Structure formats: C-alpha cells, structure tokens
Amino acid sequence: MYTVLLAADPTAVPAALGRVPVHRRPRLDPDLLRFYAEHFPGHTFAVCCFDHADAQRAKPLLLWYPPLDPDRLTVPALDSHTGGAPDLDAVVPVDHWVLFSSDQAPDGWGAPVEYPANMRHRLRAFLPGAVVGRKYGDGLALRNGDFSISHRDLLEGDLDRVERLRPGPRQRVARTFRTALRAATRIGSQTGEKGGA
C-alpha cells in the first residue's frame with residue numbers, strides 16, 4: 001500500500017524517489033524540501049508514497065518515535081496547499097480537531113477512547129486510552145504554525161495553554177493565537193455559535 005522513505009535530510013529525498021514504484025512516486029517541490037531542511041534540523045522526515053487508485057484500501061499510518069523535547073507535545077499543522085514551502089507569515093483558515101494524550105496521565109483524566117472490538121491487540125497497545133482536545137475551525141484563521149502544549153499543562157487539562165508554534169528555536173505565535181481564539185469565541189457568542197473553542 002505504502003512505500004515510506006525516511007531521511008535525516010529532506011533534500012536527499014529526490015535521489016531516493018528513484019527506488020519508489022513509478023505509480024506511487026510523488027512530485028515534490030524542491031523549495032518545500034529545502035524549507036524543511038532549513039527549519040527542522042535534527043528531525044527525521046517520512047515521505048509516505050502511495051497510489052490514489054489504492055485509496056479505498058488505505059489505512060492510517062502509526063509512527064512511534066522518541067520526542068525531541070519530552071516536555072512538549074507538538075502536533076504538525078503547517079499549512080501549504082500549493083505544494084511549495086509554507087508561508088510562515090500567512091494567516092490561514094483552520095479546520096482541525098487537535099487531540100493530545102499522555103501515558104503519564106492520571107486515572108480519570110481526559111475523555112475515554114473506544115476502539116473496535118476486533119482491533120488487533122498489538123495495535124491497541126500503541127493507542128491512547130483517553131484524550132483531551134479542542135476543535136479549531138468554524139471560520140477561525142490563525143498565523144501559520146503547529147499546535148503545541150507543555151506536558152505539564154496537558155496533564156493539568158489546561159487547553160487554553162495550547163500555542164501555535166513556528167519552526168525554529170521555540171518561536172511561538174501564542175499571543176496572536178490566543179487573541180484570535182478570544183475573538184472567535186466572542187463572535188460565536190454574538191451569533192449563537194460555539195466559535196473556535
């Protein structure tokens with residue numbers, strides 16, 4: 001179903017694509033690969049190659065890896081629908097459910113997750129028993145970035161501490177994010193909708 005390439009340097013991916021079957025081989029913009037090489041040094045990159053003709057048989061991929069920062073959970077959410085490098089200064093519409101979990105969460109923490117009874121036990125061992133999360137959408141636009149929260153704030157259930165994180169050495173756009181969330185909540189309360197929080 002998938003051919004997965006792993007690379008310490010995303011600019012090395014084009015050379016490896018020659019080993020991927022032609023019907024699964026994506027066309028990747030060199031600017032996008034350079035962007036990731038420049039903004040995410042020390043990361044490993046996964047390029048999941050597949051054929052759209054096989055989409056009905058597709059299953060989600062699960063990646064398990066040690067975090068670069070064990071005190072912070074970050075959900076990738078950089079937006080770029082052009083195929084090129086993301087614009088870090090862009091304000092982009094968001095439509096995400098952002099869910100977090102931790103194996104260190106105490107009993108009774110979060111919302112329990114139910115899985116199908118026929119799920120393989122080996123897979124179930126990797127999945128969370130409980131999660132916390134929030135929907136970001138309903139017309140909300142935020143500065144481009146990832147969603148991030150400290151492990152401590154997560155365990156305390158303080159989702160108001162979720163921040164938008166830009167690539168690089170901990171460059172947050174939290175103030176813009178929280179201001180936009182408050183504005184969306186105010187607009188939602190005026191229109192009778194729930195807003196983005």
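Buried residues account for 32% of the 197 residues in the chain. The model described here is a predicted one. Its chain contains five helices and eleven strands. Among contacts between residues at least 6 apart in sequence, 66% join residues at least 24 apart. The surface that the chain exposes comes to about 13100 Å², and carbon and sulfur atoms supply 53% of that area.

A good place to begin a tour is the interior. In soluble globular proteins, nonpolar side chains tend to be buried together. In this model, the largest nonpolar core has 15 residues. Those with the most contacts inside this core are Phe100, Val132, Tyr136, Phe147, Ile149, Leu154 and Val162. Two or more residues each come from strand S5 (96-100), S7 and strand S9 (146-150), and S7 gives the most, with three residues. Another core, of seven residues, lies apart from this one, and its members include Leu5, Val13, Val47 and Cys49.

Nonpolar residues also appear at the surface. Val4, Leu6 and Leu61 make a nonpolar surface patch of about 280 Å². Leucine 61 sits in the loop between strand S2 (45-49) and S3. This residue counts as partly exposed because its relative accessibility is 42%, a value between the limits of 20% for buried and 50% for exposed.

Charged side chains come next, with eight salt bridges counted in the model. One of them pairs arginine 72 with glutamate 163, whose closest N and O atoms are 3.7 Å apart. Arginine 72 belongs to strand S3 (residues 72-75) and glutamate 163 to strand S10 (residues 163-166), so this salt bridge ties together parts that are 91 residues apart in sequence. Are these two partners buried or exposed? Arginine 72 counts as buried, at 14% relative accessibility, and glutamate 163 is buried too, with a relative accessible area of 7%.

Serine 148 adds further detail to the surroundings of arginine 72. This serine is found in strand S9 and, at 0% relative accessibility, counts as buried. The serine 148 side chain makes a polar contact with the side chain of arginine 72 at 2.8 Å, and another with the side chain of threonine 74 at 3.1 Å. When neighbours within four places in sequence are left aside, serine 148 is in contact with Arg72, Leu73, Thr74, Arg161, Val162, Glu163 and Leu165. Both partners of the salt bridge between arginine 72 and glutamate 163 are therefore found among the contacts of serine 148.

A second salt bridge joins arginine 134 to aspartate 160, with 3.2 Å between the closest N and O atoms. This pair also links distant parts of the chain: arginine 134 is in strand S7 (residues 130-136), while aspartate 160 is in the loop between helix H4 (151-155) and S10, 26 residues apart. Arginine 134 is buried, its relative accessible area being 16%.

Lysine 135 and aspartate 138 provide another example, as their side chains meet in a salt bridge of 3.6 Å, N to O. Lysine 135 counts as partly exposed, at 28% relative accessibility. Its partner, aspartate 138, lies in the loop between S7 and strand S8 (141-143). What is notable about the backbone there? Most residues other than glycine have a negative phi. Aspartate 138, although not a glycine, has a positive phi of about 55°.

How values were computed. Residues are numbered from 1 along each chain as its sequence is written. This is a predicted model: local features need pLDDT of at least 70, side-chain atom pairs count only at pLDDT 80 or more; totals for chains, interfaces and linings use all residues. Side-chain values use heavy atoms; hydrogens and water are left out. A salt bridge is a side-chain nitrogen of Lys or Arg within 4 Å of a carboxyl oxygen of Asp or Glu. Helices (H or I, at least four residues) and strands (E, at least two) are DSSP runs, numbered from the N terminus. Buried means under 20% relative accessible area, exposed over 50%, partly exposed in between (1.4 Å probe, protein chains only). Patches are made of residues with over 30% relative accessible area and no salt bridge: like charges are joined within 9 Å, nonpolar side chains (Val, Leu, Ile, Met, Phe, Trp, Tyr) within 5 Å. Accessible areas come from the Shrake-Rupley method with a 1.4 Å probe; for residues, only the protein chains shown count as cover. A nonpolar core is a set of buried Ala, Val, Leu, Ile, Met, Phe, Trp, Tyr and Cys residues joined through side-chain atoms within 4.5 Å. Contact means heavy atoms within 4.5 Å. A polar contact is a pair of N or O atoms within 3.5 Å; within protein, one must be able to donate a hydrogen and the other to accept it, and residues adjacent in sequence count only if both atoms are side-chain atoms.
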